[in-house]
Amino acid sequence: MSDIKDIQDIRNLTRTVLDFPIKGIPFLDILPIFQNPKAVEFIINNIVDHVTSTKEKIDVVVGLEARGFLFGPILALRLNAAFVPIRKKGKLPGKVIDVEYQKEYGPDIFEIQEDAIKQDQNVIVIDDLMATGGTAVAAGKLVNKLGGKLLEYIFVVELTVFDGYKKLDAPLYSVLKYDT
């Protein structure tokens, strides 16, 4: 396990897997980051420093299925905020609201429990990767339907070539940016 000194050290831990999930797609795999606790700590510290220096008090951290669940609870604990998952259809108990969205590979549906966010709570959304913006836009719609104030979308990686940020209704912060 090596020391993590800067963003380039984090970038070096990622890898590209060709033809995943379908042929012709180069998938950026961030899971090797979790083999190095100092890398995870670096990412969380980076995000916490950003959020606490630029935002109001955060009430709710929303994590998107599935990799947003890896960072969201840790971030929520560090910010003394609630953690709320947004999941694919049929995975949450109780009353939910949903929204259909378009992914790179076809349509899907996200759900959130209808009492998970209270009116005017300050919310940030976290996920691992921003590409075309479909999942982020869907999450934003769910937060807005529940009356939350969406302050920012946060991603570990942003693939800037897809211009997904142009679809968002709140600012975006990403730890790593890839242009290709």
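The following exchange examines a predicted model and the reasons for the terms applied to its sheet and helices.

Colleague: Why is Asp108 called buried or exposed, whichever applies?

Modeller: Asp108 has a relative accessibility of 19%. Buried means under 20%, so Asp108 counts as buried. This residue lies in strand 6.

Colleague: Which residues does Asp108 touch, leaving aside those up to four places away in sequence?

Modeller: Contact requires heavy atoms within 4.5 Å. On that basis Asp108 touches Lys88, Val99, Glu100, Tyr101 and Lys103.

Colleague: What makes strand 5 and strand 6 a pair?

Modeller: Pairing requires at least two bridges. Strand 5 and strand 6 (residues 106-113) are joined by 8 bridges and run antiparallel, so the requirement of at least two is met. One of the partnerships links Glu100 with Ile109 of strand 6.

Colleague: How do you know that strand 8 and strand 9 pair, and in which sense?

Modeller: Strand 8 (residues 149-159) and strand 9 are connected over 6 bridges in the parallel sense. Since the definition asks for at least two bridges, they count as paired. Within strand 9, Leu176 is the bridge partner of Val157.

Colleague: What is the order of the strands in the sheet, and why do strand 5 and strand 9 stand at the edges?

Modeller: The sheet is open, has 7 strands with mixed pairing, and follows the order 5-6-4-3-7-8-9. Strand 5 (96-103) and strand 9 each have a single partner strand, so each has one side without a neighbour in the sheet. From one strand to the next, the twist averages 20 degrees.

Colleague: Why is strand 9 described as mostly covered?

Modeller: Strand 9 comprises residues 172-178, and 5 of its 7 residues are buried. Buried here again means under 20% relative accessible area.

Colleague: What makes you say that helix 3 packs on the sheet?

Modeller: Helix 3 (residues 68-79) touches strand 3 (60-64), strand 4 (82-88), strand 7 (122-130) and strand 8. Its direction makes about 165 degrees with that of strand 4.

Colleague: Which strands does helix 4 touch, and which of its residues are buried?

Modeller: Helix 4 (residues 134-145) touches strand 3, strand 4, strand 5, strand 6, strand 7 and strand 8. The buried residues of helix 4 include Gly134, Ala138 and Leu142, and the buried residues pack against those strands.

Colleague: How do you know that the span of helix 4 agrees with expectation?

Modeller: At 1.5 Å a residue, the 12 residues of helix 4 should span 16 Å. The end C-alpha atoms are 17 Å apart, which agrees. After helix 4 comes Gly147, with a positive phi near 90 degrees.

How values were computed
Residues are numbered from 1 along each chain as its sequence is written. This is a predicted model: local features need pLDDT of at least 70, side-chain atom pairs count only at pLDDT 80 or more; totals for chains, interfaces and linings use all residues. Side-chain values use heavy atoms; hydrogens and water are left out. Buried means under 20% relative accessible area, exposed over 50%, partly exposed in between (1.4 Å probe, protein chains only). Helices (H or I, at least four residues) and strands (E, at least two) are DSSP runs, numbered from the N terminus. Axes are lines fitted to C-alpha atoms, for helices over the stretch in contact, and angles run from 0 to 180 degrees between N-to-C directions. The expected span of a helix is 1.5 Å times one less than its number of residues.
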